[in-house]
Amino acid sequence: MVNEAPTKVSFVMDYSPNVNHTGIYAAIENGWFAEEGIEVELVPCPADGSDALIGSGGANMGMTYQDYIANSLGAAEPMPYTAVAAVVQHNTSGIMSRAEDDITSPGKMAGKRYATWNLLVEQATIKHLVEDDGASFDDVELVPYEVDDDVMGLQADLYDCVWVYEWWAVANAKLQNYPVNYFAFGDMNPVFDFYTPVIAVNDTWAAENPELVKAFLRAAKRGYEYAAEYPKEAADLLCKAVPELDPALIQEAQAIISPQYIADASSWGVIDEARWSAFYQWINDNQLSENPFDASAGFTMEYLEN
């Protein structure tokens with residue numbers, strides 16, 4: 001009997017390789033995709049992000065964020081792609097600043113320089129949190145985000161506070177022995193505990209290959225469960241696959257993110273409709289998209305087997 005050749009599935013990254021992707025690399029390195037008859041083709045993230053590539057069918061699947069999917073859902077012509085699994089259960093992003101500046105809550109960003117990406121939902125999030133904490137968003141000075149290293153930007157005094165992912169930027173600060181403060185958005189207001197990142201699939205391709213999507217997610221689930229249980233070994237696998245990564249930073253970051261892959265969910269990948277919809281309803285209520293859209297749209301759990 002001749003073994004069938006594996007089916008190639010293209011998967012576009014949302015950024016350069018990091019611990020968000022550890023479960024994918026672990027599943028590749030441990031042969032779990034191969035067991036499902038899948039050969040994963042990892043596609044580098046385009047300069048304008050992964051969403052357009054997934055939506056256009058240029059990649060079968062990929063990694064993106066709930067807030068980015070909102071941009072498509074509210075567009076005049078939404079792109080045909082859908083989130084099918086949560087990579088981590090809770091929003092692991094927030095505001096990092098120099099410890100000496102005492103920016104320990106959103107209100108204390110008033111009178112300080114915030115490095116912005118100049119995105120509508122991003123700035124509305126900061127405005128909501130600052131004003132909810134009793135300060136005025138008008139008193140926050142917006143400066144452009146123009147660095148590759150968030151810690152370096154603080155050290156160079158390019159800004160006073162910046163939106164970061166704790167597992168990467170705070171871990172980097174710790175390795176450099178650079179004292180920082182950090183607060184998480186999800187701790188400030190549960191509406192901002194949205195899903196970031198998620199695995200998404202092109203709708204047309206998924207409709208034609210539903211069993212392949214399920215198979216991909218079965219292998220990915222094993223990879224992320226492994227990374228959750230064995231953070232050191234998983235980090236080693238990631239560094240083996242991507243030798244240019246800094247092993248010390250990856251180990252530090254992995255130790256922070258591994259407990260978040262599953263956290264308080266029943267199993268890896270689960271997306272809670274109430275939490276998903278709460279964030280999208282906030283976007284609708286604040287008219288932050290071109291058009292209002294169904295707050296429960298943009299994700300499905302039909303391909304994830306628990």
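This is a tour of a predicted model, with selections to make in turn.

**The largest pocket**

Start with Tyr15, Tyr65, Tyr68, Trp117 and Tyr165. Among the 42 residues lining the largest pocket, these five lie nearest its centre. The space in this pocket comes to about 1200 Å³. To see which elements form the lining, colour α3 (51-56), α4 (66-73), α5 (120-132), α6 (150-155), β8 (161-165) and α7 (166-175); each of them gives two or more residues to it. By residue class, the lining of the largest pocket holds 24 nonpolar, 10 polar and 8 charged residues.

**Aspartates 149 and 150**

Go next to aspartate 150, in helix α6. Which side chain of opposite charge is nearest to aspartate 150? Arginine 98 is, at 12 Å, and aspartate 150 is buried without a salt bridge. Show the side chain of tyrosine 145 as well: the side chain of aspartate 150 makes a polar contact with it at 2.6 Å.

Step back to aspartate 149, which belongs to the loop between β7 (141-144) and α6. Is aspartate 149 buried or partly exposed? Its relative accessibility is 26%, so aspartate 149 counts as partly exposed. Now add alanine 169 to the selection. Aspartate 149 and alanine 169 are 20 residues apart along the chain, and their C-alpha atoms are separated by 7.9 Å.

**The second largest pocket**

Select Asn91, Thr92, Glu166, Ala184 and Gln260 for the second largest pocket, which has about 190 Å³ of space. Of its 13 lining residues, those five are the closest to the centre. At least two lining residues come from each of α7, β9 (180-184), α8 (185-188) and α12 (247-257). The lining of the second largest pocket divides into 5 nonpolar, 5 polar and 3 charged residues.

**Asparagine 202**

Move to strand β10 (residues 198-202) and pick asparagine 202. With a relative accessible area of 5%, asparagine 202 is buried. Which backbone oxygens should be displayed with it? One belongs to isoleucine 54, which the side chain of asparagine 202 reaches at 2.8 Å. Another belongs to glycine 55 and lies 3.3 Å from a polar atom of the side chain of asparagine 202.

**Helix α1**

Select residues 22-29, helix α1, which is mostly covered, with 6 of its 8 residues buried. Which residues of α1 are buried? They are Thr22, Gly23, Ile24, Tyr25, Ala26 and Ala27. Following α1 is glycine 31, with a positive phi near 80°.

Stay with α1 and pick glutamate 29, which is partly exposed at a relative accessible area of 33%. Glutamate 29 forms a salt bridge with lysine 240, and the closest N and O atoms are 3.8 Å apart. Because lysine 240 lies in helix α11 (residues 231-241) and glutamate 29 in helix α1, the pair ties together parts that are 211 residues apart in sequence. Lysine 240 is exposed, with a relative accessible area of 59%.

**Further salt bridges**

The model has 16 salt bridges. Select glutamate 36 and arginine 218 for another of them, where the closest N and O atoms are 2.9 Å apart. This pair also links distant parts of the chain: glutamate 36 is in the loop between α2 (32-35) and β2 (38-43), arginine 218 is in helix α10 (residues 210-229), and their positions lie 182 residues apart in numbering. Both partners are partly exposed: glutamate 36 has a relative accessible area of 25%, and arginine 218 stands at 30% relative accessibility.

Remain in α10 and show lysine 214 with glutamate 211. Their side chains meet in a salt bridge at 3.5 Å, N to O. The two residues are 3 apart in helix α10, so about one helical turn separates lysine 214 from glutamate 211.

For the last stop, select Arg98, Asp101, Arg113, Asp157 and Asp160, which a network of salt bridges links. Arginine 98 has already appeared on this tour, as the side chain of opposite charge nearest to aspartate 150.

Definitions and conventions
Residues numbered from 1 in each chain as written. Predicted model: local features only at pLDDT ≥ 70, side-chain atom pairs only at ≥ 80, totals over all residues. Heavy atoms only, no water. 1 Å grid on protein atoms, 1.4 Å probe; cavity = no way out; pocket = protein on both sides within 12 Å on 5 of 7 lines; lining within 4 Å. Points joined across faces, edges and corners; volume = space filled by probe spheres on them. Helix = DSSP H or I, 4+ residues; strand = E, 2+ residues; numbered from the N terminus. Nonpolar A, V, L, I, M, F, W, Y, C, P; charged D, E, K, R; others polar. Buried < 20%, exposed > 50% of the residue type's maximum accessible area, 1.4 Å probe, protein only. Lys, Arg positive; Asp, Glu negative; His and termini not counted. Salt bridge = Lys/Arg side-chain N within 4 Å of Asp/Glu carboxyl O. Polar contact = N/O pair within 3.5 Å; in protein donor to acceptor, adjacent residues only side chain to side chain.
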